[in-house]
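This report describes charged residues and the contacts they make. The sequence and the structure are shown first.

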Amino acid sequence: MEPLESILQQIEPISLQAMGSVKLMNRVDSKFPTNMETLLRMAPLWREHFYVQENEGQRIANYRSLYFDTPDALTYTMHHNRRLKRQKVRQRIYVESNIAFLEVKNKKNTGRTKKKRIQIPMEQWGDIYSAPESADFIREKVWVTDQPLSPRLENAFQRITLVNKAKTERITIDFGITFHNHLSGCDADVSDLVIIEVKQDGSLHSRFKDILRDAHVQQKGLSKYCLGMLLTDEHLKYNRFKQKIRYVNKLTGKNYIIKSLEQ
C-alpha cells in the first residue's frame, strides 16, 4: 500500500487560518473506530472530495490532552452510566504550534456537542485554578460538579484533519494513541487503533460516511478518555465498556485488558 504521508501530499491543502470557517463548535459528532490497514485502503479516495489541513508544512499534527476529573472520576462515571447530558474538562496542546487551550466539552441530551475554550499559557499545563482567567472560566462553564478537579489522564496522538470541499463537515483521524494516568501512574499504548470522527453542523449528506460504509467501517461511540481510563485505572466501573474493549481488540488484533480485570 502507498504510504499515508505520500497520499496526503496528493490532496489539496487548506491552511489553519482557512479552517476558521469550519469550526463547528456546535455540532453532531459520529465516531468510527478502525485500524491502520483499513485507513490506508480508504486514504486514496480522499483526493477528489476533501482538503487536508496543513500547518507549517505538516499534514499530520501532534496533540497532547490532559483530562481533569474528580477524585471519584465523576465525568468518567457519567459517561459509563449513559448520562446523555455530561461534561469533560481538559487542556490541549497543539504541539507544532506550541499553543495550549483550556476546554469544556458539553454533550447535550440532543446528541449535539458544544465546546467552549480559552487559550492559556503553556506554563499553565496541569493547573486550572492558579490563574484567575482559568479559574473564572471553570467557575462559569463547569456545571457538572462543585468538587475540585485534578489532572487524571493524559494522552498523546497524531491527527489528520480533512474538510469537505463545501466546508460543511470536518473529519479528524486520530492514531498513534498513548495514555498516562496521573493518579495510578499506569501507561497504555493503543497506537494500532484509529479513531475517525465526522463532525457536522446539521444533517447534510456526508461523502466521507459513504467511504466508511463502503469500507465496512461501523459507527461506534468510543471516547479516548474512557478508553484510557479503562486501561490504566483499576478502581472504575467498567461493565458497560467491556464490549467496546472486545471490539478494539478485534480491530487491532491485540489483547487489551481492562485494568480492573488484570490478574
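The predicted model holds 16 salt bridges. One of them joins glutamate 12 to lysine 165, with 3.9 Å between the closest N and O atoms. Glutamate 12 lies in the loop between helix H1 (4-8) and strand S1 (13-15), while lysine 165 lies in the loop between strand S8 (150-164) and strand S9 (169-181), so this pair ties together parts that are 153 residues apart in sequence. Glutamate 12 counts as partly exposed because its relative accessibility is 44%. Lysine 165 also counts as partly exposed, at 35% relative accessibility.

Other salt bridges in the model include a pair formed by arginine 213 and aspartate 214. Both of these residues are exposed. A further salt bridge connects glutamate 262 with lysine 259. Glutamate 262 has a relative accessible area of 40% and is therefore partly exposed. The table lists these pairs with the separation of their closest N and O atoms.

| Acidic residue | Basic residue | Closest N and O atoms |
|---|---|---|
| Glutamate 12 | Lysine 165 | 3.9 Å |
| Aspartate 214 | Arginine 213 | 3.8 Å |
| Glutamate 262 | Lysine 259 | 3.0 Å |

Salt bridges may also be linked to one another. In this model, a network of salt bridges links Arg90, Glu103, Lys115 and Arg117.

Which residues gather in a patch of positive charge on the surface? The patch consists of Arg83, Lys85, Lys108, Lys114, Lys116 and Lys141. One of its members, lysine 141, is found in helix H4, which covers residues 132-141. Lysine 141 has a relative accessibility of 32% and therefore counts as partly exposed. This value agrees with its place in the patch, because patches are made of residues with over 30% relative accessible area and no salt bridge.

Another lysine may now be considered. Is lysine 224 buried or exposed? Lysine 224 is found in helix H6, which covers residues 224-232. With a relative accessibility of 10%, lysine 224 counts as buried, because buried means under 20% relative accessible area. Residues up to four places away in sequence are not counted among its contacts. With these set aside, lysine 224 touches Leu153, Asn155, Phe157, Arg159, Asp174, Ile177, Phe179 and Ile195.

Definitions and conventions:
Residues are numbered from 1 along each chain as its sequence is written. This is a predicted model: local features need pLDDT of at least 70, side-chain atom pairs count only at pLDDT 80 or more; totals for chains, interfaces and linings use all residues. Side-chain values use heavy atoms; hydrogens and water are left out. Patches are made of residues with over 30% relative accessible area and no salt bridge: like charges are joined within 9 Å, nonpolar side chains (Val, Leu, Ile, Met, Phe, Trp, Tyr) within 5 Å. Accessible areas come from the Shrake-Rupley method with a 1.4 Å probe; for residues, only the protein chains shown count as cover. A salt bridge is a side-chain nitrogen of Lys or Arg within 4 Å of a carboxyl oxygen of Asp or Glu. Lys and Arg count as positive and Asp and Glu as negative; His and the chain ends are not counted. The place of a charge is taken as NZ of Lys, CZ of Arg, CG of Asp or CD of Glu. Helices (H or I, at least four residues) and strands (E, at least two) are DSSP runs, numbered from the N terminus. Buried means under 20% relative accessible area, exposed over 50%, partly exposed in between (1.4 Å probe, protein chains only). Contact means heavy atoms within 4.5 Å.
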